[in-house]
Amino acid sequence: MFCRYIYRIPFVYEASPKMKKNQTEETVGICAAAGRPQTGPRRKTGLAGEKLAFSFNGQRVEGVAGDSVAAALLAAGYTTLRESPRAGTPRGPFCWMGVCQECTVVIDGVRRPACRTSLAAGMQIFPGTIA
Amino acid sequence: MKTALEPATLPAPADLIVIGAGPAGAEAAMSAAAQGLRVLLLDEAVAAGGQVYRAPHAGDKKSASSPEAVAGNDLRARLEASTVECHFGETVWSVSPGFRVDSLSAQGTRSWHGRALITATGASERVVPFPGWTLPGVIGLAGATILLKSQGILPGRRTLIAGCGPLLLAVAAGILAAGGEVAAVADLSPRSDWLRKFPRLASRPDLLLRGAGWLASLKRTGVPVFSAHTLKEVVRDGDQLVATLQPVDGARRPVTGPEPHFAVDAVTVGHGLVPGTDVTRLLRARHHYDFAQGGWAPDLDGNFRTNLPGLYAVGDGTGIAGAATASLNGQLAGLAAARDLGALADTVHEQLAARLEQQAAKAGRFGRAMAELMALRPAQVAAISPETVVCRCEDVTRAEIDSAIEDGARTVNQLKSWTRCGMGPCQGRMCGDVATALMAQATGEAPVAPFTGRTPFRPLPISQFAGDCDYGDIKLPPPAPL
Ligand SMILES: Cc1cc2nc3c(=O)[nH]c(=O)nc-3n(C[C@H](O)[C@H](O)[C@H](O)COP(=O)(O)OP(=O)(O)OC[C@H]3O[C@@H](n4cnc5c(N)ncnc54)[C@H](O)[C@@H]3O)c2cc1C
Ligand code: FES
């Protein structure tokens with residue numbers, strides 16, 4: 001049901017966070033399931049702002065200045081950001097306040113909670129898990 | 001070579017460090033600074049305001065005029081004009097007696113020193129586990145207020161809202177106002193519970209009126225509201241989530257009856273707030289269990305002093321009582337610290353405190369009535385099914401917890417080392433109070449003590465400990481003369 005678990009391999013990491021930094025778009029292609037956009041939830045009506053382009057899992061995504069990374073991803077329809085280390089079930093932001101760590105992603109090589117990180121243009125973001 | 005264990009900068013010790021810039025911490029910092037103290041205020045958020053007065057999304061002009069945004073802007077402006085030294089984006093991960101506070105920001109780790117410490121870290125949300133609560137798209141109810149208030153986004157196009165307390169209506173009305181669809185609202189509390197609280201809630205007619213407005217907007221849009229219903233389970237069906245409700249009795253025990261279900265793309269669910277006691281537990285201050293105010297909280301005297309000299313605690317981290325109480329008590333805690341540090345004469349302190357104490361007592365009555373609606377219900381915990389994941393980080397199920405207790409685990413710390421429940425990156429903050437409740441029910445011993453506080457209480461990248469260390473840099477001592 002949870003579509004294609006082939007993206008498990010990239011989750012088994014990660015001796016050094018630097019590895020993510022060097023990951024090319026080809027090598028991350030296999031984690032596409034984590035980043036499969038669903039029909040995106042709606043933005044609040046009347047929200048405006050400068051568009052910021054970034055990438056998730058090698059895919060180009062656009063957010064709005066003032067977004068957190070988690071909000072920009074949710075707005076683009078990405079609800080799954082990682083999988084749980086033990087059972088391997090898909091996870092996405094849950095508490096939205098920096099407590100649960102379910103929203104952990106790897107941003108430019110550093111693992112961070114997406115809900116507590118402000119979006120910046122050009123960020124290269126990959127699914128994160130906590131080994 | 002720079003090791004991260006050495007603080008990058010060592011600012012001169014402050015008189016007072018305040019952790020948390022919500023209404024409680026920000027007011028405490030300002031009232032202490034107004035008495036001439038040098039005060040440092042640390043918060044991991046990008047601006048002051050805490051959970052309730054969070055700064056709105058930069059592109060969200062509509063929310064900028066909400067009562068919370070106005071109060072928040074006022075708080076931030078006063079803070080700006082004060083002498084408080086604010087440091088945002090600093091996540092505190094350790095506190096040692098004396099006081100040394102360690103924090104992590106995008107720039108790395110830093111240490112701060114202060115003669116006294118006020119912890120005002122607020123509350124986090126409790127969600128009593130049910131099958132499907134780990135599915136992406138299922139989020140916390142308090143979390144949904146954050147989405148609406150400061151992230152400029154809705155949880156989904158069509159959302160089911162479940163749980164208990166005032167946030168149910170606030171989130172439902174917020175989603176409707178922002179142009180979203182609410183499939184249904186499932187309130188765990190029976191209607192009679194709200195009515196019983198009515199006399200105390202009426203002490204804040206403004207807030208009561210706001211609640212009535214929220215209810216009216218639900219009525220207008222025809223959103224069904226199910227009183228005395230729990231969220232039984234959520235399953236994924238393609239791109240959709242299917243949420244099933246089940247009726248409960250007065251004790252919140254699920255009973256047989258019609259089980260309506262809804263296809264949605266988001267579910268928000270929350271069962272109240274839990275005081276954030278990371279700092280007070282780490283320092284081993286004394287705590288007590290208060291069912292009505294959210295669970296374990298530090299013991300305090302009338303002046304917000306814990307039993308450890310120089311350590312104060314205030315706000316929802318000391319028991320859930322709401323934003324108005326938090327800001328009044330914050331002012332009182334700041335004054336108490338100023339007095340103890342010798343910046344304020346006893347007689348002046350008494351004069352300044354007297355009026356605030358009266359207001360705080362009144363605000364507290366309202367806050368506590370709300371908190372009681374959100375208290376943890378033992379019958380709801382008892383009804384968690386064996387295959388349900390309780391600890392999200394480590395995927396530990398109820399059955400695994402039960403079998404560890406059967407095998408003799410008697411403290412949640414034992415449970416943690418036997419099952420890994422609470423050992424993951426959230427440090428047991430998501431599962432802690434349900435794990436203690438499960439243990440209390442199985443052993444008949446209530447209340448069971450919480451997880452022992454450990455440092456780092458927020459995840460810290462290993463690289464922060466190791467720094468940019470290269471083995472080649474390590475100076476070897478010259479060989480000893482033979
Ligand atoms: C998500 C959420 C939404 C809520 N929404 C409402 C609402 O709409 N209306 C309402 O009346 N009440 C709401 N509440 C209740 C709320 O707890 C109180 O009303 C009020 O915010 C309490 O104020 P406080 O100052 O005690 O804590 P908070 O406002 O929670 O402030 C605590 C501050 O401490 C900071 N902090 C915590 N831990 C650390 C750390 N380790 N390092 C650095 N900083 C840290 C946090 O970033 C936060 O800014 C909400 C609570 C939550 C959890
Ligand atoms: S969603 Fe819980 S930490 Fe980000």
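Let me start with a cysteine. The sulfur of B:Cys431 has its closest cysteine sulfur in B:Cys421, at 3.9 Å, and that is too far for a bond. Keep in mind that this is a predicted model.

Why no bond at that distance? A disulfide needs the two sulfur atoms within 2.5 Å, and 3.9 Å is too far. Now take B:Cys391. This residue is in no disulfide either. Its nearest cysteine sulfur is that of B:Cys431, 4.5 Å away. How many disulfides are there over all chains? Zero.

Are these cysteines buried or exposed? B:Cys431 has 1% relative accessibility, so it counts as buried. B:Cys391 is at 2%, and it counts as buried too.

Next, the interface. Chain B puts 50 residues into the contact, and chain A puts in 47. The area buried between the two chains is about 4,100 Å². Carbon and sulfur atoms give 52% of that area.

What about charges across the interface? The rule finds four salt bridges between chain B and chain A. Here is one of them to look at on the screen. B:Glu400 pairs with A:Arg86, side chain to side chain, at 2.6 Å from N to O. Polar contacts come next. Twelve residue pairs are in polar contact across this interface, with both partners at pLDDT 80 or more.

Which elements of chain B give two or more residues to the side that touches chain A? They are strand E7, residues 123-125, strand E8, residues 138-140, and helix H3, residues 141-151. H3(B) gives the largest share, five residues. By class, that side of chain B has 23 nonpolar residues, 13 polar and 14 charged.

Over to chain A itself. It has four helices and seven strands. Along the sequence, the pattern runs α-α-α-β-β-α-β-β-β-β-β. So read it with me: three helices come at the start, then two strands, then a helix, then five strands to finish. The chain has 131 residues, and 56% of them are buried. Now the contacts inside chain A. Count those between residues at least 6 apart in sequence. Of these, 55% join residues at least 24 apart.

Back to chain B, for a histidine. Where is B:His271? It is in the loop between strand E15, residues 266-270, and strand E16, residues 273-275. A loop residue, then, but is it buried or exposed? B:His271 has a relative accessible area of 5%, so it is buried.

What does the B:His271 side chain reach? It comes to the backbone nitrogen of B:Val128, at 2.8 Å. Leave aside the neighbours within four places in sequence, and B:His271 still has a list of contacts. From the 126 to 128 stretch, there are B:Arg126, B:Val127 and B:Val128. Then come B:Gly163, B:Cys164 and B:Leu188. Further along the sequence, B:Met374 and B:Gln380 are in contact as well.

One last residue. B:Gln359 lies in helix H9 of chain B, which covers residues 346-373. Its relative accessible area is 37%, so B:Gln359 is partly exposed. How far is B:Gln359 from B:Gln441 in space? They are 38 Å apart, C-alpha to C-alpha, with their positions 82 residues apart in sequence.

To recap the cysteines: B:Cys391 is in no disulfide, and the structure holds zero disulfides over all chains.

Terms used: Residues numbered from 1 in each chain as written. Chains lettered and ligands numbered in written order. Predicted model: local features only at pLDDT ≥ 70, side-chain atom pairs only at ≥ 80, totals over all residues. Heavy atoms only, no water. Contact = heavy atoms within 4.5 Å. Buried area = accessible area lost by both parts, 1.4 Å probe. Polar contact = N/O pair within 3.5 Å; in protein donor to acceptor, adjacent residues only side chain to side chain. Nonpolar A, V, L, I, M, F, W, Y, C, P; charged D, E, K, R; others polar. Buried < 20%, exposed > 50% of the residue type's maximum accessible area, 1.4 Å probe, protein only.
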